[in-house]
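Colleague: I'd like a close look at one part of this model, and a plain walk through what surrounds it. Here is what we both have in front of us.

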Amino acid sequence: MTCTTGGCLCAAVRYTLADAPDHYDACHCSMCRKTSGGVGFGINVPDGGITWEGAENIGIYKSSEWAERAFCKICGSSLYYRMPGDGERPDFLSLAAGSLDDLEGLTMTTEIYIEAKPSGHAFAGDTKKMTEADVIAAFGGS
Ligand SMILES: [Zn+2]
Ligand SMILES: [Zn+2]
């Protein structure tokens, strides 16, 4: 059983997940690199799958036409990347995996925007690697 609780560094924002995640993914795109200060690690959370405490401390930055990134207004920790649903499709929410209280027991399965990964680092282990074009083909763009 993996962890279902997490929050930001200062604990002004806390959350509980409805279902325990079993994996996380890495994104090497320049926006995830900048906002995380390294590599963006995300856990996909289904609509309604997360309960927030201290939501008034969540700051929202609209990082593109279609998506927003959330952070703690007090300590600055990254919290999630979200594409709001439009009625036809549900919200897409990728929780900042490092905000989980404990990542032990989870596996990293996929690396996306692999062509943007700096050559100075690489992950060990056998992950599925997808380029931007692969991601757009798989998830329908935007
Ligand atoms: Zn905080
Ligand atoms: Zn990214």
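What share of the contacts in the protein with a separation of 6 or more comes from residues 24 or more positions apart? And could you then zoom in on strand β7, where Arg-69 is found?

Modeller: Sure, with a bit of bookkeeping up front. This is a predicted model, and local features need pLDDT of at least 70, side-chain atom pairs count only at pLDDT 80 or more, while totals for chains, interfaces and linings use all residues. Residues are numbered from 1 along each chain as its sequence is written, and chains are lettered from A and ligands numbered from 1 in the order in which they are written.

Your contact question: residues 24 or more positions apart make up 49% of the contacts with a separation of 6 or more. A contact here is two C-beta atoms, placed from the backbone, within 7 Å.

Now the overall picture. The protein has 2 helices and 11 strands; these are DSSP runs numbered from the N terminus, with helices being H or I of at least four residues and strands E of at least two. The order along the chain is β-β-β-α-β-β-β-β-β-β-β-β-α. Of the 142 residues, 25% count as buried, which takes 20 or more other C-beta atoms within 10 Å of a residue's own, placed from the backbone (exposed is 12 or fewer, partly exposed in between).

Strand β7 sits in an open sheet of 8 strands, ordered β6-β7-β8-β9-β4-β3-β10-β11, with mixed pairing. Pairing requires that DSSP finds at least two bridges between two strands. The edges of this sheet are β6 (58-62) and β11 (128-130), each pairing on one side only.

On one side of β7 is β8, running antiparallel to it and joined by 4 bridges. In that pair, Glu-68 faces Arg-82 of β8. The two strands make a hairpin with 5 residues between them, and Gly-76 in the turn has a positive phi of about 85°. From β8 the pattern carries on to β9, again antiparallel with 4 bridges, where Met-83 has Phe-92 as its bridge partner.

Back to Arg-69 itself. Arg-69 is buried, with 23 other C-beta atoms within 10 Å. Leaving out residues up to four places away in sequence, Arg-69 touches Thr-35, Tyr-61, Ser-63, Ser-78 and Tyr-81. Glu-115, by contrast, lies 46 residues from Arg-69 in sequence and 22 Å away, C-alpha to C-alpha.

There is also the nonpolar core, meaning buried Ala, Val, Leu, Ile, Met, Phe, Trp, Tyr and Cys residues joined through C-beta atoms within 7 Å. Among the 24 residues of the largest one, Leu-79, Tyr-80, Leu-95, Ala-96 and Ala-97 touch the most other members. Strand β7 (68-72) is among the elements giving this core two or more residues, alongside β3 (23-27), β4 (40-45), β8 (78-83) and β9 (92-96). Take Ala-96: beyond its neighbours within four places in sequence, Ala-96 contacts Phe-41, Gly-42, Ser-78, Leu-79 and Tyr-80. Ser-78 therefore turns up in the contact lists of both Ala-96 and the buried Arg-69.
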